[in-house]
Amino acid sequence: MPSDIVQPPNPDERFCSRCGQPLGLREEGGRLRPACPGCGHIVFGRFSVGVGGLIIRRSRILLVQRAHDPGRGRWTLPGGYVEEDEAPHDAIVREVLEETALTVVPRALLALRHAQNAREQNLYLVFSLALRGPPSALRPDGREIADARWVRPDEVASLGAVGSISKWVIERLARRPGGFRIIPATQQPPPVLTHRWTALYAAPSSRTHHRTPLFRQKE
Ligand SMILES: [Zn+2]
């Protein structure tokens, strides 16, 4: 039975990205989706993954000022987009280095926000980061960001335009940054056939986290 639910058409995606034929529509998973009659490729939607980093030093948080639109002049946590061939926690380390010249290591995943945009969905992951190099290395790159500052949480409001999710993270999470652990590759389940590699983040497994276990274990 054909579905009457049609995946929202994407004007950027009229031709198959694999073989170049014009896309048709095909039912898959209860929806009519753009699909290639030639090679069978199905378009499940467009996604992007962004990352942000919370770095706290002496009760101050690193904020950067965007140099370009959208949001030119706005202060945010440092960050950017995940490349197609990198893990999110590697992407934030790279972005912080590129934007500020600071060397950091990822500690935990603090928050995830899923946003629906006009032409894609975006998943934004916020990591807590630890400074590894000297703080004096801080140099705004002058391209992506115009300025960078260590700011006390109570000074954030006086900066002017501050990204709403950055502000939310600072207000809600900066005082108690717990978060999901970054699971080393050796402790992850083996990747399935289509995975080249995986990144895995998991809630802390401490006894204090849940009052009652999800599954009762045999004594
Ligand atoms: Zn095709």
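On the outward side of helix α2, Ser164, Glu171 and Arg172 are exposed. This is a good place to enter the structure, which is a predicted model. Across the helix from these residues, Ser166, Val169 and Ile170 are buried. Viewed down the axis of α2, the buried residues fall within an arc of 95°, so they line one face of the helix. The general rule behind such a pattern is that an α-helix has 3.6 residues a turn, so residues three or four places apart point the same way. The buried residues of α2 pack against β3, β4, β5, β7 and β8.

Among these partners, strand β4 is a helpful one to follow next. It spans residues 60-66, and 5 of its 7 residues are buried, leaving the strand mostly covered. Strand β3, residues 47-57, runs antiparallel to β4 and is joined to it by 2 bridges. Within this pairing, arginine 57 stands opposite arginine 60. Strand β9, residues 145-151, also pairs with β4 in the antiparallel sense, here over 6 bridges. In that pairing, isoleucine 61 of β4 stands opposite valine 151 of β9. A further antiparallel pairing, over 2 bridges, links β4 to strand β5, residues 75-76. There, glutamine 65 faces tryptophan 75 of β5.

The turn between β3 and β4 deserves a closer look. The hairpin formed by these strands has 2 residues between them, and arginine 58 takes a positive phi near 50°. Serine 59, in the loop between β3 and β4, has a phi near 65°, again a positive value in a residue other than glycine. With 11 other C-beta atoms within 10 Å, serine 59 is exposed. Arginine 152 touches Ser59 and Arg60, when residues up to four places away in sequence are not counted. This arginine sits in the loop between β9 and α2 and is exposed, with 12 other C-beta atoms within 10 Å. Arginine 152 and arginine 57 are 95 residues apart along the chain, while their C-alpha atoms are separated by 9.6 Å.

What lies at the interior of the model? The largest nonpolar core holds 27 residues, of which Leu54, Ile92, Val126, Phe127 and Leu129 touch the most other members. At least two residues of this core come from each of β3, β4, α1 (88-100), β7 (104-116), β8 (121-131), β9 and α2 (164-173). As a general matter, nonpolar side chains in soluble globular proteins tend to be buried together. Isoleucine 92 gives a view of the surroundings of one such core residue: leaving aside neighbours within four places in sequence, it is in contact with Val51, Gly53, Gly79, Pro106, Phe127 and Leu129.

Two further loops show backbone features of note. Most residues other than glycine have a negative phi, and most peptide bonds are trans. Alanine 101, however, has a positive phi of about 70° although it is not a glycine. This alanine is found in the loop between α1 and β7, where it is partly exposed, with 14 other C-beta atoms within 10 Å. In the loop between β4 and β5 lies proline 70, which is joined to aspartate 69 by a cis peptide bond with omega about 0°.

Technical notes
Residues are numbered from 1 along each chain as its sequence is written. This is a predicted model: local features need pLDDT of at least 70, side-chain atom pairs count only at pLDDT 80 or more; totals for chains, interfaces and linings use all residues. A residue is buried if 20 or more other C-beta atoms lie within 10 Å of its own, exposed if 12 or fewer, and partly exposed in between; C-beta atoms are placed from the backbone. Helices (H or I, at least four residues) and strands (E, at least two) are DSSP runs, numbered from the N terminus. Two strands pair if DSSP finds at least two bridges between them. A nonpolar core is a set of buried Ala, Val, Leu, Ile, Met, Phe, Trp, Tyr and Cys residues joined through C-beta atoms within 7 Å. Two residues are in contact if their C-beta atoms, placed from the backbone, lie within 7 Å. The arc is that of the directions from the helix axis to the C-beta atoms.
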